[in-house]
Amino acid sequence: MACVLDKNKMYRLCTWVLWFVFYSFIGWFFETVFTSLEAGHLTQRGFLYGPICPIYGFGALLLLLIFREEHPRFLAVFCTGFLAVTLLEYVTSYGLEVLFGQRWWDYYHWPLNINGRVSLLTSLAFGLMGAGLVLFLHPRVKRLLQKLLSPTATIVAGICCLGLIAVDLTATLFSLC
């Protein structure tokens with residue numbers, strides 16, 4: 001039995017893809033600026049070659065899936081962002097190290113870290129960023145995307161983004177293996 005998505009399901013799926021790409025880009029930009037300022041020179045951040053950090057996109061989508069209700073409370077979003085995204089960061093760090101023998105980030109020099117994979121300060125930042133995302137940024141991004149792109153344009157953009165990510169991921173994996 002073939003699995004066929006109707007246009008409405010494809011539109012919803014591609015909307016999530018565009019949100020993923022947008023938040024992954026915002027994360028990449030944040031990481032690049034932060035680490036460049038810290039290092040005193042321009043640094044390239046992220047696992048992929050392109051200007052996205054997928055962990056931020058996955059973290060954002062995780063919080064958006066958890067907080068689908070209209071008006072969540074700040075404390076609930078902050079605590080969930082703190083815990084869920086910290087767990088995501090730890091698991092991702094461990095998985096990347098096991099798969100590729102490399103660390104993409106290391107918090108050993110930060111206070112209150114766990115195996116250098118996560119730290120209290122970054123977890124607090126994830127809680128605040130998660131609350132800002134769910135309570136402030138995402139409702140505006142959602143409305144803007146609906147205004148800018150028709151359902152058909154959203155589907156085309158989502159499929160193009162998936163294709164670009166697949167090419168980038170393939171190139172990255174070939175370079176690491």
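1. Trp104 has a relative accessible area of 19%, so this residue is buried. The value lies just inside the class, because buried means under 20%. Note that the structure discussed here is a predicted model.

2. The ring of Trp104 pairs with that of Phe100. Phe100 is also a buried residue, at 18% relative accessible area. A pair of aromatic rings is described by the distance of the centres and the angle of the planes. For Phe100 and Trp104 the centres are 6.1 Å apart and the planes meet at 80°, so this pair is edge-to-face. The step from angle to name rests on a cut-off, because planes over 60 degrees apart count as edge-to-face.

3. How many aromatic pairs does a search of the whole structure find? The search gives 14. Another of the pairs is formed by Phe78 and Phe82, whose ring centres are 6.3 Å apart; the planes are at 40°, so the pair is tilted. An angle of 40° gets this name because stacked pairs are under 30 degrees, edge-to-face pairs are over 60, and the rest count as tilted.

4. Phe78 and Phe82 both belong to helix H3, which covers residues 74-100. Because they are four residues apart in this helix, about one helical turn separates them. Is each of the two buried or partly exposed? Phe78 has 17% relative accessibility, so Phe78 counts as buried. Phe82 has 21%, so Phe82 is partly exposed. The two residues fall on either side of the 20% cut-off for buried.

5. Aromatic residues also occur in a group. One aromatic cluster is made up of Phe30, Phe34, Tyr56, Tyr107, Trp110 and Phe126. A ring can have a charged partner as well: Arg117 lies over the face of Tyr90, and its distance from the ring centre is 5.7 Å.

6. On the surface there is a nonpolar patch formed by Phe22, Phe25, Ile26, Phe29, Val33 and Leu37. Together these residues have about 540 Å² of accessible area. Phe29, one of the patch members, is found in helix H1, residues 7-39. Its relative accessible area is 48%, so Phe29 is partly exposed. The class of exposed does not apply to Phe29, because exposed means over 50%.

7. The last point concerns a glycine. Where is Gly132 placed? Gly132 is in helix H4, which runs over residues 120-148. Gly132 counts as partly exposed because its relative accessibility is 31%. Gly132 and Gly46 are 86 residues apart along the chain, and 22 Å separates their C-alpha atoms.

Methods:
Residues are numbered from 1 along each chain as its sequence is written. This is a predicted model: local features need pLDDT of at least 70, side-chain atom pairs count only at pLDDT 80 or more; totals for chains, interfaces and linings use all residues. Side-chain values use heavy atoms; hydrogens and water are left out. Helices (H or I, at least four residues) and strands (E, at least two) are DSSP runs, numbered from the N terminus. Buried means under 20% relative accessible area, exposed over 50%, partly exposed in between (1.4 Å probe, protein chains only). Patches are made of residues with over 30% relative accessible area and no salt bridge: like charges are joined within 9 Å, nonpolar side chains (Val, Leu, Ile, Met, Phe, Trp, Tyr) within 5 Å. Accessible areas come from the Shrake-Rupley method with a 1.4 Å probe; for residues, only the protein chains shown count as cover. A salt bridge is a side-chain nitrogen of Lys or Arg within 4 Å of a carboxyl oxygen of Asp or Glu. Rings of Phe, Tyr and Trp (its six-membered ring) pair if their centres lie within 6.5 Å; planes under 30 degrees apart count as stacked, over 60 as edge-to-face and the rest as tilted. A charge sits over a ring if NZ of Lys or CZ of Arg is within 6 Å of the ring centre and within 35 degrees of the ring normal.
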